[in-house]
Amino acid sequence: MEKFNKSFESGEYEGTLIIDKSGTVECNNSTFWAYNKNVVKIKASGVILKNARIELLSGNACAIDTDFPDLILENVEVKGNIKGLPSEPEIWSVPSLISLGEFASDCENIFCINIDVPVECHIENTLYGVEISPLNLKKGANSLRIAISPMRSNTILYGEIFIKSAVKRRIYINGKAVGNAPQIKQSNIPALRKGQRICIDEYYHNNLRFVFEKKSVRKNMDIDSYAFCLGENGKAYCDEDLIFFGNICSKDNAVKTGGDSQSPEVFVSLSKLDSRYSKIAVCFAIYGDDSLLNFSLVDSPAVRIFSGEEEIYKFSLDSLNIEKTVVAIELYRYKNQWKMNCIGSGYRDGLKKLCESYGIEVDS
C-alpha cells in the first residue's frame, strides 16, 4: 500500500477520520471529535499518528478503532476507548473529573482517591502546589495521595493530570480553599466510584455497617435508612423484606436498620442471611412528601462502609440532585461469591417508587 505523509493544520475536526494508507499523520495538536461513532478508524498497517486529541463525546463507539496492531501513537490524548491495539486495554473507567469540594485555607490538605487502571501506567501532574503520589500506577486498584499546599481563602483549584499508557487520558481536578472549611487529612481508605463492583467474600463472617454521612443540610430534614432483602429476580418475597424504622430487623437477624435521622445506618451479616435471598439493597430516603426536600440540599453525601469497627471503604453520593431516595449499595451473590455494587442512583418520586421497583406495594 502506498506510503504517505499527511499534516493537519491545528484546529478542530469532526470525525470519523479514516486513515487507509501507510505513513505518518501529523495532527499538530488538533482535536478530532464525534458523537456516537468512531472518531478515528485505521484501515492500513504502518500508520504513525502524532500530536492529536481524540474525543468520543457520547455513545458506545471508540475513540480509535484500528484493524492493524502495529499502529504507533505519539503524544496522543484520548477520551473514550481504543480497540485493536494490543498494548492498550480496550475498556478504561478512570474518572474525567475529581472534585475535592471545599477545604481549609492556609494549611495543607490531604485527600486519598481510589483509581483503577487496566494496565501499568504513569501520572503526569501539571498542577502547581499539588503533590500526587504514587506517580507510577500498578494494574488494578491504586490509592492516590493528593496533597494540596496552603492556599489563601477563596482560591479556586482547577487543573489537570494525565494518565499515560500508550496514550494520555486527561483527568480534571477542582476544589476551593475556604476560610471556615474543615482541614482535610484523609487516611488511605479506598474511595469507591459509581458503578464499581468488588468482591466482599472476605467479609462474609463479619458484620457490615453502612453509615450515611454528610457535611451539612441547607434545610431541616430527616433522612432514614432502608434495606430490601431480595430474591434472584431482584424482587422482595413479602412486605417484611423491607427493613426500615417500622420493621427494623429481618426475621433471620441478618439485616437491621439503625442510627438516627442525621446519621442513619444499615447493618448486614451475610453469614446469617436466609439462603433464599441473593441480593440486599441498601437505601436512604428523605422522610415526608415535601417535594422541595431532596438531596440537592445535602452537602457532600456519602456512605462509609465498616467491617466490624474497621472502616474499609467510602462511597461518595455527590451525583445526587433532585432525588428523594437513593439506592446506595447493592450486595449480591454471583457464582457463590458475594459482591458489592456501588449504585448511587435514586428516584425523585420518593419512597413509594423505590418500594414498587422491588415489588412491594405501598398505599398512597
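**Exercise 1. Strand pairing around β15**

Task: Determine how many bridges join β11 to strand β15, and in which sense the two strands run.

Solution. Step 1: In this predicted model, β11 and strand β15 (residues 140-148) are joined by nine bridges and run antiparallel. Step 2: A specific register point is given by N114, whose bridge partner in β15 is S143. Step 3: β15 also pairs with strand β13 (residues 130-133), through four bridges and again in the antiparallel sense. Step 4: Within β15, A147 is the residue that stands opposite E131.

**Exercise 2. The open parallel sheet**

Task: State the strand order of the open sheet of four strands, and explain why one side of β3 and of β9 lacks a neighbour in the sheet.

Solution. Step 1: The order is β3-β5-β7-β9, and the pairing is parallel. Step 2: β3 (17-19) and β9 (82-83) are the edge strands; each has a single partner strand, so one side of each has no neighbour in the sheet. Step 3: Strand β5 (residues 40-42) pairs with strand β7 (residues 64-66) over three bridges in the parallel sense. Step 4: V40 stands opposite I64 in β7.

**Exercise 3. The largest pocket**

Task: Identify which residues lie nearest the centre of the largest pocket, and describe how its lining divides into nonpolar, polar and charged residues.

Solution. Step 1: The largest pocket holds about 1500 Å³ of space. Step 2: Its lining comprises 44 residues, and those nearest the centre are S99, L100, I113, S316 and D318. Step 3: Two or more lining residues come from each of β10 (97-104), β11 (109-117), β18 (191-192), β28 (302-307) and β29 (310-316). Step 4: By residue class, the lining contains 19 nonpolar, 12 polar and 13 charged residues. Step 5: β11 therefore appears in two contexts, as a contributor to this lining and as an antiparallel partner of β15.**Exercise 4. The second largest pocket**

Task: Establish which element gives the most to the lining of the second largest pocket.

Solution. Step 1: This pocket has a volume of about 510 Å³. Step 2: Of its 24 lining residues, Y226, L351, K352, C355 and V362 are the closest to the centre. Step 3: At least two lining residues are supplied by each of β26 (279-286) and α1 (351-357). Step 4: α1 gives the most, with three residues. Step 5: The lining of the second largest pocket divides into 11 nonpolar, five polar and eight charged residues.

**Exercise 5. Cysteines and disulfides**

Task: Find how many disulfides the structure holds, and explain why C62 forms no bond with C27.

Solution. Step 1: The count of disulfides is zero. Step 2: The cysteine sulfur closest to that of C62 belongs to C27 and is 18 Å away, which is too far for a bond. Step 3: C62 has 7% relative accessibility, so C62 counts as buried. Step 4: C342 is likewise in no disulfide, and its nearest cysteine sulfur, that of C199, lies 13 Å away. Step 5: C342 also counts as buried, because its relative accessibility is 1%.

**Exercise 6. Confidence of the model**

Task: Locate where in the protein chain confidence is lowest and where it is highest.

Solution. Step 1: Over the protein chain the mean pLDDT is 91, and 98% of the residues reach 70 or more. Step 2: Confidence is lowest in strand β1 (residues 3-7), with a mean of 80. Step 3: Confidence is highest in β5, at 97; β5 is the strand that pairs with β7 in the parallel sense.

Methods:
Residues numbered from 1 in each chain as written. Predicted model: local features only at pLDDT ≥ 70, side-chain atom pairs only at ≥ 80, totals over all residues. Heavy atoms only, no water. 1 Å grid on protein atoms, 1.4 Å probe; cavity = no way out; pocket = protein on both sides within 12 Å on 5 of 7 lines; lining within 4 Å. Points joined across faces, edges and corners; volume = space filled by probe spheres on them. Nonpolar A, V, L, I, M, F, W, Y, C, P; charged D, E, K, R; others polar. Pairing = 2+ DSSP bridges. Disulfide = S-S within 2.5 Å. Buried < 20%, exposed > 50% of the residue type's maximum accessible area, 1.4 Å probe, protein only. pLDDT = per-residue confidence, 0-100.
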